[in-house]
Amino acid sequence: VSTMAISAGTVYIGGSFTHVKNRAGVSQTRTRLAAISAATCDLLPWTANADNSVTAMAVAGGTVYVGGSFLTINGLSRSRIAALDGADATVLPFSPNVNNPVNALLASGSSLYVGGAFTAVEGQPRPKLAAFALNTGSLDPTWKPTANAAVYTLALGSDGQDVFVGGNFTTLNGRSQFAFVGAVTSDTGASDLAFQPSFGSGASFPILNLSADSRGLYAGGGGSGGHLVIWNLDGTLQRPVYQTDGGVQTVAVDGNSLYAGGHFGNYCSGNTGSGHPFLCTTNVPRSKLFEVSLSTGDLTSWAPKLNSPRGVFTSAVDPVTHAL
């Protein structure tokens, strides 16, 4: 499972899977798309067949937008992005041509923002970033920020004025100060120079996932081992960068709790470590998940143990059921 989106009590999931076991342990065919009740954990009948991996999801107005590496959904031509009915998974007419994989989707207001490894959309130059009008499905002719390498994640600022962008790029809108992370305006895509990200005294690293609220920007990253970052909205560090011994692939915020998931096995106390594979100087065992208290900056005692070496790829917060 690479991605999820929650809407009206339904958890939509996408990935590279071909089957999902229901609560009774019976395997059901679900070809890269499925849905689960957030309240009961029942596997729902909602599904569509994608011919390759689904890596991004967003829900708006009863429509589930999906992105990835696929070229067909339910046998219909859909070039790496598609729209499905949220009730019955009918494939909707929205069918732009995207020339390389879509990694991130963000629905806000009247727009669907898209990030990935593509360079063109509908035959128009769109280096790694594009936007569509939700009401018509048409490519936005004015929102045209550019990145020089893959975009992995998008997050909306709490006031709706900025789209935060993270990935493996070293320039955003041609500006090197936004290597791996930056902010662009939600209306024109121009760089928001009020956000100037600092990585502290350490080296910068690719950003794998972002979440934002009125208090700050939260990021999971790769690099040597892995990293969790909490930025103020001007880009200064709210806390020292948290070091792990494997990539932090997803972040989710719920009240005072910041949840981090990834393929790490340990948090590095004192934010130190080295080597290949990366080893903490002093480790605190945390198997693929940990929680940080935003008020204190400390790790909490919350320490579930997961048994997959790949760990956690995606997380989300539901306002009713809280962290998932």
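## Notes on the pockets and strands

1. Let us start with the largest pocket. β1 (3-7), β6 (54-60), β11 (102-108), β16, β19 (207-213), β23 (248-254) and β30 (317-318) each give at least two residues to its lining. Please keep in mind while reading that this is a predicted model.

2. Which of these strands supplies the largest share of the lining of the largest pocket? That is β19, with six residues. In total, 40 residues line the largest pocket, and those nearest its centre are Met 4, Leu 154, Asn 209, Leu 210 and Ser 315. The volume of the largest pocket is about 1,300 Å³. By class, its lining divides into 25 nonpolar, 13 polar and two charged residues.

3. The second largest pocket deserves a look as well. It holds about 470 Å³ of space. Its lining has 20 residues, with Leu 306, Gly 311, Val 312, Phe 313 and Thr 314 closest to the centre. Two or more lining residues come from each of β23 and β24 (257-262). β24 gives the largest share of the lining of the second largest pocket, namely three residues. Sorted by class, this lining has eleven nonpolar, eight polar and one charged residues. Note that β23 turns up here and also among the strands that supply at least two residues to the lining of the largest pocket.

4. Leu 154 leads us on to β16. This strand belongs to an open sheet of three strands, in the order β16-β17-β18, with antiparallel pairing. Why is one side of β16 and of β18 left without a neighbour in the sheet? Both β16 (151-156) and β18 (181-185) stand at the edges, and each has a single partner strand, so one side of each has no neighbour there. From one strand to the next, the twist averages 25°.

5. Within that sheet, five bridges pair β16 with strand β17 (residues 162-167) in the antiparallel sense. If you would like a single pair to inspect, the bridge partner of Leu 154 in β17 is Val 165. Leu 154 is therefore worth finding on screen, since β16 stands at an edge of the sheet and Leu 154 is one of the residues nearest the centre of the largest pocket.

6. β1 is also a member of a sheet. Three strands make up an open sheet in the order β1-β2-β5, and their pairing is antiparallel. Here the edge strands are β1 and β5, each of which pairs on one side only. The twist in this sheet averages 20° from one strand to the next. Five bridges join strand β2 (residues 10-14) to β5 in the antiparallel sense, and Val 11 stands opposite Ile 36 in β5.

7. Ser 37 lies in that edge strand, β5 (residues 33-37). Is Ser 37 buried or exposed? Its relative accessible area is 14%, and buried means under 20%, so Ser 37 is buried. Setting aside neighbours within four places in sequence, Ser 37 is in contact with Gly 9, Asp 42 and Leu 44.

8. Now to β12, a strand with a clear burial pattern. Six of the six residues of strand β12 (residues 111-116) are buried, so β12 is largely enclosed by the rest of the structure. Which residues lie on each of its faces? Ser 111, Tyr 113 and Gly 115 are on one side, with Leu 112, Val 114 and Gly 116 on the other; all are buried, and both faces are covered.

9. The pairing of β12 adds to this picture. β11 and β12 run antiparallel and are joined by six bridges; in one example, Ala 104 stands opposite Gly 115. The two strands form a hairpin with two residues between them, and Gly 109 in the turn has a positive phi of about 60°. β12 also pairs with strand β15 (residues 129-133), again in the antiparallel sense, over five bridges. There, Ser 111 stands opposite Ala 133 in β15.

10. One last small point concerns Thr 29, which is found in strand β4 (residues 27-29). Not counting residues up to four places away in sequence, Thr 29 touches Thr 18 and His 19. Thr 29 and Asn 49 are 20 residues apart in sequence, and their C-alpha atoms are 9.5 Å apart in space.

Notes:
Residues are numbered from 1 along each chain as its sequence is written. This is a predicted model: local features need pLDDT of at least 70, side-chain atom pairs count only at pLDDT 80 or more; totals for chains, interfaces and linings use all residues. Side-chain values use heavy atoms; hydrogens and water are left out. Two strands pair if DSSP finds at least two bridges between them. Helices (H or I, at least four residues) and strands (E, at least two) are DSSP runs, numbered from the N terminus. Axes are lines fitted to C-alpha atoms, for helices over the stretch in contact, and angles run from 0 to 180 degrees between N-to-C directions. On a 1 Å grid over the protein atoms alone, a cavity is a set of points where a 1.4 Å probe fits but cannot get out, and a pocket is an open set with protein on both sides within 12 Å along at least five of seven lines; lining residues have an atom within 4 Å of a point. Grid points are joined across faces, edges and corners, and a volume is the space filled by probe spheres set on the points. Ala, Val, Leu, Ile, Met, Phe, Trp, Tyr, Cys and Pro count as nonpolar, Asp, Glu, Lys and Arg as charged, and the others, Gly among them, as polar. Buried means under 20% relative accessible area, exposed over 50%, partly exposed in between (1.4 Å probe, protein chains only). Contact means heavy atoms within 4.5 Å.
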